[in-house]
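Trainee: Got a minute to go through this model with me? I'd like to begin with one of the ligand sites.
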Amino acid sequence: MFDALSDKLQATLSDVRARGTLTEDDINKAMREIRLALLEADVNFKVVKSFTANVKERALGADVLGQLNPGQQVVKIVSDELTSLMGGAAAGVSFSPRPPTVILMAGLQGSGKTTATAKLARHLREQNGSSVAVAACDVYRPAAVDQLVKVGAQAGATVYEQGTDRDPVDIAGWALDRAKQEGKDVLIVDTSGRLHVDERLMDELVRIRKVVRPHTILLVVDAMTGQDAVNVAEQFAQAVQFDGVVMTKLDGDARGGAALSVKAVTGKPILFASTGEKLDQFERFHPDRMAQRILGM
Amino acid sequence: LFEGDVDEETWERLEEALIMADVGATTTAKVVGQLEQEAESGGLEGGEALSRRLQELLADIARTGQDRIDLRHDPTVILMVGVNGTGKTTTLGKIAWHLRNELGKSVMLGAADTFRAAATEQLQGWAERAGVPIVTGPEGSDPGAVAWDAIVQGRAQGADVVLIDTAGRLHTQDDLMAELSKVRRVIAKQLPDAPHETLLTVDATTGQNGLRQARLFAEAAEVDGIVLTKLDGTAKGGIALAIAGELGIPVKLIGVGEALEDLRPFDADDFAQALLS
Ligand SMILES: Nc1nc2c(ncn2[C@@H]2O[C@H](COP(=O)(O)OP(=O)(O)OP(=O)(O)O)[C@@H](O)[C@H]2O)c(=O)[nH]1
Ligand SMILES: Nc1nc2c(ncn2[C@@H]2O[C@H](COP(=O)(O)OP(=O)(O)OP(=O)(O)O)[C@@H](O)[C@H]2O)c(=O)[nH]1
Ligand SMILES: [K+]
Ligand SMILES: [Mg+2]
Ligand SMILES: [Mg+2]
């Protein structure tokens, strides 16, 4: 069960037990290993910096001194700190007392929004018995509407679409009206992928938000994302103040340090994990499991 | 980066910039170590010289292998592979348009992503935009069969280039990676030395996982080159440097947007410069 990082730390700190003391030098060596592991996991450079500073402070404190196994102790401190940084307990979406609850999906191109829209629809139907509609507001990507029509139907959701000739803001407003008329519990609005620096499309997102007044805005983030994740998250937060994150493609071997970084810089929790292309591969996010994963445990 | 005195902090700043560009710790250490060594041995004086040498080092790593696509086969078969959502289908649409409109080639598209919802319709959309014919198969059908048909049709119609799309897959999915090898074998049965060019799309926002993607796709599908997509954002695509440096796979094309004309040949010097800007 020992992972690469844990092994390295054990080796680095192996002579400590014999001496019975842990010097600042030992800790510095350990911090270098941890730093590399976190960078390898795509945790943001700046987040790593402040993180290792915190861990170092704790490790030099009474927590570790005199412990039988300082290597393991350091690993435990790191894992605890990572978990709490990622947001203690698992959280969920908030529902409106007056349905429909509106959920707006946003994110970069190809991050997994359309798939997550259908997955979330299915999840809410199964978990809460909600009646769910999804709105097709991506009029740019070829066949984006067809894609949502298919996966939405598979998820048992009603799909509201008006093709690709209307403005996405208008489609969103129309879909909300229909969801009200048809007494839906939940409306999930799928949007086209957009770059955080694309002013026109970011403005469009702001306008969609004004029209549908979502109770929850979810940023969909690919677990394979690197250092740029914090830029993206900060810009989306600035434009639409999203409430939480859906982390996708966690079925691969990406360590997912982007997850931690987004939480660290925006304070927004990761709410859901997407772990495959099938609609049932979707679950509530567990911060502690993610911490272990980032460390390669 | 190199303003004022060159000291410990200078190297730290450089290291930070490269890590922030997703170059990764290993390649970063190599580059910084090399530059530091050259600076200490007195070969490089002043910020400007350091800066120039740094870009040279980066561009040299990026410049590897054969970076052009050879179109002299009859027909040339290009196979597009990569992780989910990285830009395969869009890139194929752009390549088709470029080949037809700028090089005057005749093109045939093969929609061998029979798995993802509306993947075929998406490529059909691109075929229309680019004004090229397309071969499709029913949803859920064998992707090898669609690739086969596309080459048969392409040859019958005298196409210069046959472009084949495949479904996105994670490099960790052994069964799907094996499927990719099978598609290649089917293609080779139709045309012995095909596919002539297997391109792997890597999203510029990808972090260190990109290196594993490239390694495992190369093992399963003999990747000839990388298409580095989505460079129109703020991500620098530094993982492509690690891929070139550690695996020797060249970047051949870059994607800089979602429109037909948003495809460019890769330029190592421009890339090196943009990495640190
Ligand atoms: N392996 C895996 N693939 C996923 C996951 N979520 C989505 N995908 C795949 O990722 C690709 C992109 O997903 P989409 O849902 O189309 O992404 P999108 O954000 O809507 O894309 P755009 O609308 O073009 O911006 C598709 O091939 C999906 O099947 C996941 O959790 N794991
Ligand atoms: N900004 C930008 N977006 C791009 C670029 N290339 C592709 N995209 C977008 O990225 C998203 C995914 O592109 P696709 O071509 O569907 O990716 P794919 O690899 O075929 O996806 P799957 O088949 O689902 O695995 C779409 O929204 C594209 O418009 C690029 O160079 N820049
Ligand atoms: K992506
Ligand atoms: Mg979509
Ligand atoms: Mg595709």
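Mentor: Sure, start with ligand 2: one of its oxygen atoms is 2.8 Å from a polar backbone atom of B:Gly87. That is a polar contact, meaning a pair of N or O atoms within 3.5 Å; within protein, one must be able to donate a hydrogen and the other to accept it, and residues adjacent in sequence count only if both atoms are side-chain atoms.

Trainee: What does B:Gln122 do there?
Mentor: An N or O atom in the B:Gln122 side chain is 2.9 Å from an oxygen atom of ligand 2. B:Lys230 uses a backbone N or O atom instead, 3.0 Å from an oxygen atom of the ligand.

Trainee: And how much of ligand 2's accessible area does the protein cover?
Mentor: 96% of the 650 Å² that ligand 2 has on its own. Areas come from the Shrake-Rupley method with a 1.4 Å probe; for residues, only the protein chains shown count as cover.

Trainee: Before I trust that, what kind of model is this?
Mentor: It's predicted: local features need pLDDT of at least 70, side-chain atom pairs count only at pLDDT 80 or more, and totals for chains, interfaces and linings use all residues. Residues are numbered from 1 along each chain as its sequence is written, chains are lettered from A and ligands numbered from 1 in the order in which they are written, and side-chain values use heavy atoms, with hydrogens and water left out.

Trainee: OK, how many residues surround ligand 2?
Mentor: 22, with B:Gly87, B:Lys88, B:Thr89, B:Thr90 and B:Glu258 the closest; a residue is near if one of its heavy atoms lies within 4 Å. The site is shared between chains, because residues from both A and B surround the ligand. Helix H4 (residues 88-101) of chain B gives the most to the shell, four residues. Helices here are DSSP runs (H or I, at least four residues), strands likewise (E, at least two), numbered from the N terminus.

Trainee: Switching to ligand 1, which residues come nearest?
Mentor: Of 23 around it, A:Lys113, A:Thr115, A:Arg141, A:Ser274 and A:Glu277. The side chain of A:Lys113 has an N or O atom 2.6 Å from an oxygen atom of ligand 1, and a polar side-chain atom of A:Glu277 lies 2.6 Å from a ligand oxygen too. From chain B, a polar side-chain atom of B:Asn84 lies 3.4 Å from an oxygen of the ligand.

Trainee: Which helix gives the largest share of that shell?
Mentor: H6 (residues 113-128) of chain A, with four residues.

Trainee: What about the potassium ion, which protein donors does it have?
Mentor: A:Asp222 (OD) and B:Asp203 (OD), 2.7 to 2.9 Å from it. A:Asp222 sits in strand S5 (residues 216-222) of chain A and B:Asp203 in strand S5 (residues 197-203) of chain B, so the pair joins two chains. Donors are N, O and S atoms within 2.8 Å of the metal (3.2 Å for Na, K and Ca); water is not among the atoms, so the site may look incomplete.

Trainee: Are those two Asp residues buried or exposed?
Mentor: Both A:Asp222 and B:Asp203 are buried, which means under 20% relative accessible area; exposed is over 50% and partly exposed in between (1.4 Å probe, protein chains only).

Trainee: Last one: where is A:Gly257?
Mentor: In helix H11 (residues 257-266) of chain A, and A:Gly257 is buried at a relative accessible area of 0%. Beyond residues up to four places away in sequence, A:Gly257 touches A:Ala41, A:Asp42, A:Val43 and A:Ile294, where contact means heavy atoms within 4.5 Å.
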